[in-house]
Amino acid sequence: MINAFRESIRTKVNGDYDILTRVNMITNSNQISAESIDSKMLSSCKTNENLMDSMLGDDRLAYHIYRFQRNFQDELTKTFSDFFSSDYYKFVLHAIDDGAGVSLPNFPSYQMSERLFHGELQRVSRTCFALMARISEYLKERLLRIFHQVFGIQYIRLVEQLKDVIIKQIDLAADRATERIQEILDMKYRIFIINNLYPDKVNEMKERLIKKDKEQQGEAPPPPITMTAVVRKRIIDTISQICYHQFIIKCALDIDRASTIACSSSDLLRFMKEPTEQTSRRDNLVRTIKAYEDALRLGQGYL
């Protein structure tokens, strides 16, 4: 049963969903596609997204983990300031003005850049830990559902024992993920980059400013990537990888090993043994049936 539990998780993590799940996926996809054809339904895209979110009850582990990561990417992007807005421009000017007297007018101080950078990072942690919490909650509900599908109700005491093991393993994965995420966020407070992405993007920004006339003709280039945007991309990938590694690689795909060693041979025999109350009820039923059979035979003899 543990082997069947392991294989069921593995196939769902690898995207090899069962036939019924695939049929539901196709049906829901066709419904959404049909709605998108109708121009009157274009404004309901957000509603369709909410509808898909309500389908988190299925066992498509790979699909939903990826959905959580994509939502995390969108939410994290929204936590950062709009660096090209007039409000942020005024905010930077105010920060430069605060640094007057400790740096030359055309050389903003490093402390000012660090303060702006840290201000952005302070809003990141809540979103990062929210991703971890969502995956943890989802895995508990899904893995327990798969577990009950495999084990059924034949061995109630064993089921309860192994259910606690599953919950504990997911909680341990959450603890490890929390520690790694906090470590990554702490590391990001140091302004550091060793590759050429940031200077390359700065040079691209300068070239776009030179081509300002082209922008005024309606051919504005995409906004340049700032240092904070570079860090944002690194955080998105790194936090997503940490959550996947801790919850999927180190937990879901390895949970069968923890389940196997959770019970000693003597405990396993005890957990799989029929409960005394159930044995007593069955013996009483057997005696009652035998008494009725004896009475029936006596009655038939008199007849």
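**Helical organisation of the predicted model**

Immediately following helix H1, Gly-15 adopts a positive phi of about 80 degrees. The model is a predicted one, and the helix that precedes this glycine can be checked against its expected length: at 1.5 Å a residue, the twelve residues of H1 should span 16 Å, and the end C-alpha atoms lie 17 Å apart, which agrees. Within H1, the residues Phe-5, Ser-8, Ile-9, Lys-12 and Val-13 are buried. When H1 is viewed down its axis, the buried residues fall within an arc of 130 degrees, so they line one face of the helix.

The protein chain as a whole contains 14 helices and zero strands, and of its 303 residues 30% count as buried. Its accessible surface amounts to about 19,900 Å², with 56% of that area belonging to carbon and sulfur atoms. Among contacts between residues at least 6 apart in sequence, 81% join residues that are at least 24 apart.

The largest nonpolar core comprises 53 residues, and those with the most contacts inside it are Cys-128, Leu-143, Ile-239 and Phe-247. At least two residues of this core are supplied by each of H1 (2-13), H4 (61-79), H5 (86-98), H6 (110-121), H7 (125-151), H8 (156-188) and H11. Leaving aside residues up to four places away in sequence, Cys-128 touches Phe-72, Leu-76, Ile-181, Leu-185, Ile-235 and Ile-239.

Helix H11, which covers residues 227-249, also contains Thr-238. Thr-238 has a relative accessible area of 22% and is therefore partly exposed, the limit for a buried residue being under 20%. Although Thr-238 and Ile-184 are separated by 54 residues in sequence, their C-alpha atoms are 8.1 Å apart in space.

Confidence in the prediction varies along the protein chain, for which the average pLDDT is 78, with 78% of the residues scoring at least 70. Over residues 30-56 the pLDDT is below 50, and this stretch has 16 contacts in the model beyond near neighbours in sequence. The pLDDT likewise stays under 50 over residues 219-225, for which the model has 13 contacts beyond four places in sequence. Where pLDDT is low, the predicted coordinates should not be read in detail.

Conventions. Residues are numbered from 1 along each chain as its sequence is written. This is a predicted model: local features need pLDDT of at least 70, side-chain atom pairs count only at pLDDT 80 or more; totals for chains, interfaces and linings use all residues. Side-chain values use heavy atoms; hydrogens and water are left out. Helices (H or I, at least four residues) and strands (E, at least two) are DSSP runs, numbered from the N terminus. Buried means under 20% relative accessible area, exposed over 50%, partly exposed in between (1.4 Å probe, protein chains only). A nonpolar core is a set of buried Ala, Val, Leu, Ile, Met, Phe, Trp, Tyr and Cys residues joined through side-chain atoms within 4.5 Å. Contact means heavy atoms within 4.5 Å. pLDDT is the predictor's confidence in each residue, from 0 to 100. Accessible areas come from the Shrake-Rupley method with a 1.4 Å probe; for residues, only the protein chains shown count as cover. The expected span of a helix is 1.5 Å times one less than its number of residues. The arc is that of the directions from the helix axis to the C-beta atoms.
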